[in-house]
Amino acid sequence: MTTIAVVRKGGYAAIAADTMTKWGSGKETAEYIVNHSKILRVGDTYLGIAGNATFKTILGDYFSRPKTCARFDTPLEIFKTWQKLHAALKHDYYLIAGGGEDEVLESTRIDVLIVNPHGIFGVAAHRTVQEFSKFYAFGSGGDYALGALYAVYDQQPRRSAEDIARLAISAAAEFDDGTGVPITSYAVKLRK
């Protein structure tokens with residue numbers, strides 16, 4: 001389980017995530033797992049990954065390949081990057097791409113929030129890409145995080161984007177049993 005939040009405010013974009021992994025009723029905390037971060041850096045972009053824990057390793061491997069073209073500056077470029085990633089997931093990483101009868105597209109089975117100097121974005125499992133104007137959250141504690149983001153964003157104008165993102169993850173960790181501290185976060189200065 002995972003909770004990730006992104007915030008755009010005051011000329012900065014920030015991402016924050018919890019660090020606990022859950023397997024059924026068992027939990028693996030940062031105290032016991034060295035590679036506990038759910039945020040991956042690709043150039044000047046941070047990817048917060050919600051889904052099976054293996055996906056962070058897979059994305060790290062995929063985006064470190066020398067000939068991988070990864071663009072994260074617009075929703076269309078992110079979509080094109082994700083289309084190539086999806087093909088690699090099936091071919092190189094053995095993604096079981098099946099789905100229910102009602103699914104029109106194969107799922108990548110991963111949700112990712114993205115922060116970079118171009119803004120804050122999200123990619124859902126069926127490769128829907130959205131650019132967010134203020135904030136968003138994904139994961140098992142996403143509803144709690146969104147509530148905290150909504151309550152604080154306009155009401156506390158002096159809080160930085162990173163402070164607000166961390167607060168959202170803290171709220172999720174308080175109420176969601178799939179979210180745990182410590183919190184990892186990063187902030188970047190926006191270009192636009």
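## The β5-β6 hairpin

In this predicted model, strand β5 (residues 39-42) pairs with β6 in the antiparallel sense, and four bridges link the two. Together β5 and β6 make a hairpin with two residues between them. The turn contains G43, whose phi is positive, at about 65 degrees.

Two of the residue pairings can be traced individually. V42 has T45 of β6 as its bridge partner. I39 is partnered in β6 by G48.

## Strand β6 and its second neighbour

Strand β6 covers residues 45-51. Six of its seven residues are buried, so β6 is largely enclosed by the rest of the structure. The cut-off behind this reading is that a buried residue has under 20% relative accessible area.

β6 is also joined to strand β7 (residues 110-116). Here six bridges connect the strands, which run antiparallel. Within this pairing, L47 stands opposite I114 in β7.

## The five-stranded sheet

The hairpin belongs to an open sheet of five strands, arranged in the order β5-β6-β7-β8-β9 with antiparallel pairing. Its edge strands are β5 and β9 (129-132), each of which pairs on one side only. On average, and with direction ignored, neighbouring strands of the sheet are turned by 25 degrees against each other.

Helix α1 (residues 54-64) packs on this sheet and touches β5, β6 and β7. The direction of α1 makes about 145 degrees with that of β6.

## Helix α4

Helix α4 spans residues 161-175, a run of 15 residues. From its first C-alpha to its last, α4 reaches 22 Å, which is close to the 21 Å expected at 1.5 Å a residue.

Which residues of α4 are buried? They are A161, I164, A165, A168, I169, A171 and A172. These residues lie on the same side of α4, because they cover an arc of only 155 degrees around the axis. The buried residues of α4 pack against three elements of the structure, namely β1 (3-9), β2 (12-17) and α3 (142-153).

## Summary

Two parts of the model have been described. In the sheet, β6 pairs with β5 over four bridges and with β7 over six, while helix α1 packs on the sheet. In α4, the buried residues share one side of the helix and pack against β1, β2 and α3.

Conventions
Residues are numbered from 1 along each chain as its sequence is written. This is a predicted model: local features need pLDDT of at least 70, side-chain atom pairs count only at pLDDT 80 or more; totals for chains, interfaces and linings use all residues. Side-chain values use heavy atoms; hydrogens and water are left out. The expected span of a helix is 1.5 Å times one less than its number of residues. Buried means under 20% relative accessible area, exposed over 50%, partly exposed in between (1.4 Å probe, protein chains only). The arc is that of the directions from the helix axis to the C-beta atoms. Contact means heavy atoms within 4.5 Å. Two strands pair if DSSP finds at least two bridges between them. Axes are lines fitted to C-alpha atoms, for helices over the stretch in contact, and angles run from 0 to 180 degrees between N-to-C directions.
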